[in-house]
Amino acid sequence: MEFISTRSQELRTTAAGAILRGLAEDGGLYVPASLPRFSLEEIKTLKDMSYPALAAAVLERFLPGFTAEELNEYTRKAYASFDTPAVVPLRPLRDGVWSLELHHGPTCAFKDLALQILPYLLAASGKKCADGHTIAILVATSGDTGKAALCGFADVPGTKIAVFYPHGGVSDIQRAQMVTQEGDNVLVLAVEGNFDDAQTGVKKIFSDKALEKELDAAGVALSSANSINWGRLAPQIAYYYGAYTQLLNAGKIALGDTVDFCVPTGNFGDILAGYFAKKSGLPVDKLICASNSNNVLTDFLRTGVYDRNRPFLKTMSPSMDILVSSNLERLLYLVTEDTDQVAEWMAALRETGRYDIGEKWLEVLRQEGFEAYFADEEETAREIRAMWTQQGYLADPHTAVALSAAEQYRQESRETRPLIALSTASPFKFAASMLSSLGESVPESGFDAQEALSALSGQRVPAPLAELRQKPERFPGVTTPADMREDVRRWLA
Ligand SMILES: *Cc1c(COP(=O)(O)O)cnc(C)c1O
């Protein structure tokens, strides 16, 4: 299995090459040239495995060139840092709806599932491609990726990591998580602007040939830990299989029964991993894309028109405050298999902020199982309240967006198929929004809000969040999109 760029069949590389480079040279994203396939018999064998073993078995098929032995070692080490042996526990909610909790890692957000293992994959890819360069990771984050990447890469030999987050665009706790990060190889900077400004700044640095040459001479190669990196996406495919096998083991479904997934979506990485799971044989029917008030994707999946020309709204689910969902490009390639067409749409997006895939391709997306709903701030708060008062379940604002979308879908379609909503963050990461949604008074500091949420719910603040209060701020700096290139150059040269 080789990897090609979504914008050109010619740019072929291996899994290790795709992981090392992150973005293809033409600005496209790497996708497998052909997809592996799991038979139902093979899925059956997964259900008796521990999560690390299951993840290694799935990854082996999506990362050719890595051995089973290597992958088992990486998944064992990566998922040992989670606070439950199930790693991705599945909790029953209302009838036929489950919450797949992906926030039991060291930074309390689902990004840990990929970013705890990515450093191993990158270090191994560096060896496989053997040029001895220091790998410098650049990350633009809407909040959760940054901390999860810092946590994965801090003090990993042969790597450095710089994280850019929107100034004022992340929660108190998210900011504290990043600016207190330890490690000699890390840099954290706030950027004036929103997430898209930060992401555009990073993408520009990646496509800067002069800088690449200068860094190469200094023995440094840039790479990305954003969800555009195949090494980020591949580990996410595994938990869709993990969710399915948990339902099998609980006797809730029989082998071969289909299930629906509902995914709180920002950059389209998580839900795309679900599509890869489906395309590789997992019995999935609908993939429900859940958005907050920044509902570009809802409009796109309903009309075929992607239009980022609209106000950028700050919501209480900041990790989904995104107007340009990078990974959507991969979906467009997977359904059209036409790199020229994808390149054309992406050029239109760049130049006009808009593209239209037309009725034919929209219909294909529907046939592939994509549905789309969104929850505005009021609906999200209502869902948080309903979950707490009716189910005794604390759903963070991102998870609540998904649960609201799932409910809208079920009411509209009258479907009763088992539905798994992905729960992507600990509610304690967004304690202030939780309290205000629950109608409680909100203390000024994010840390006091955590305590108040803990007192209200009788649940403990997760240790990695409780500890932040004592940590010194190491990175108070703020930069501008225009200065990012020079910040990086100075830091690496
Ligand atoms: C990143 C993130 C999302 C969005 O995931 P994408 O892969 O970007 O679509 C949703 N919820 C939380 C808590 C996140 O951190």
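## Where α9 meets α22

Let's start with one pair of helices in this predicted model. Ala198, Gly201, Val202 and Ile205 are the α9 residues that touch α22, and their partners there are Met484, Arg485 and Val488. Sort the residues of this contact by class and you get five nonpolar, one polar and one charged.

How do the two helices lie relative to one another? Helix α9 covers residues 195-206 and helix α22 covers residues 484-492; their axes come within 9 Å and cross at roughly 55°. Because of that angle, α9 counts as oblique to α22. As for handedness, the crossing of α9 and α22 is right-handed.

## The α3 and α4 pair

Next up are helix α3, residues 51-62, and helix α4, residues 68-79. The axes of α3 and α4 come within 8 Å, with a crossing angle of roughly 135°. That angle is why α3 and α4 are described as oblique to each other. Is their crossing left-handed or right-handed? For α3 and α4 it is right-handed.

Here's who takes part. From α3 come Tyr51, Pro52, Ala53, Ala55, Ala56, Leu59 and Glu60, while α4 brings Ala68, Leu71, Asn72, Thr75, Arg76 and Tyr79. By class, the contact of α3 with α4 holds nine nonpolar, two polar and two charged residues.

## Crossing at α14 and α16

Now for helix α14 (residues 328-336) and helix α16 (residues 358-367), whose axes come within 11 Å and cross at roughly 95°. So α14 and α16 are roughly perpendicular to each other.

Which residues bring these two helices into contact? On the α14 side they are Leu331, Val335 and Thr336, and on the α16 side they are Trp361, Val364 and Leu365. There are five nonpolar residues and one polar residue in the contact of α14 with α16, and no charged ones.

## Aromatic rings

Let's leave the helix pairs and look at rings. How many aromatic pairs turn up in the whole structure? A search finds 17 of them. One aromatic cluster is formed by Phe3, Phe62, Trp230 and Phe276. Phe62 falls within α3, which spans residues 51-62.

## Charges over rings

Some rings have a charged neighbour. The charged end of Lys160 sits over the ring of Trp491, 5.0 Å from the ring's centre. Trp491 belongs to α22, the helix of residues 484-492.

Arg302 does something similar with a tyrosine: its charged end sits over the ring of Tyr373, at 4.9 Å from the centre of that ring.

Definitions and conventions
Residues numbered from 1 in each chain as written. Predicted model: local features only at pLDDT ≥ 70, side-chain atom pairs only at ≥ 80, totals over all residues. Heavy atoms only, no water. Axes fitted to C-alpha atoms, helices over the stretch in contact; angles between N-to-C directions. Helix = DSSP H or I, 4+ residues; strand = E, 2+ residues; numbered from the N terminus. Parallel < 35°, antiparallel > 145°, perpendicular 65-115°, else oblique. Left-handed = near helix turned anticlockwise from the far one by under 90°. Contact = heavy atoms within 4.5 Å. Nonpolar A, V, L, I, M, F, W, Y, C, P; charged D, E, K, R; others polar. Phe/Tyr/Trp six-rings, centres within 6.5 Å; stacked < 30°, edge-to-face > 60°. Lys NZ or Arg CZ within 6 Å of the ring centre and 35° of its normal.
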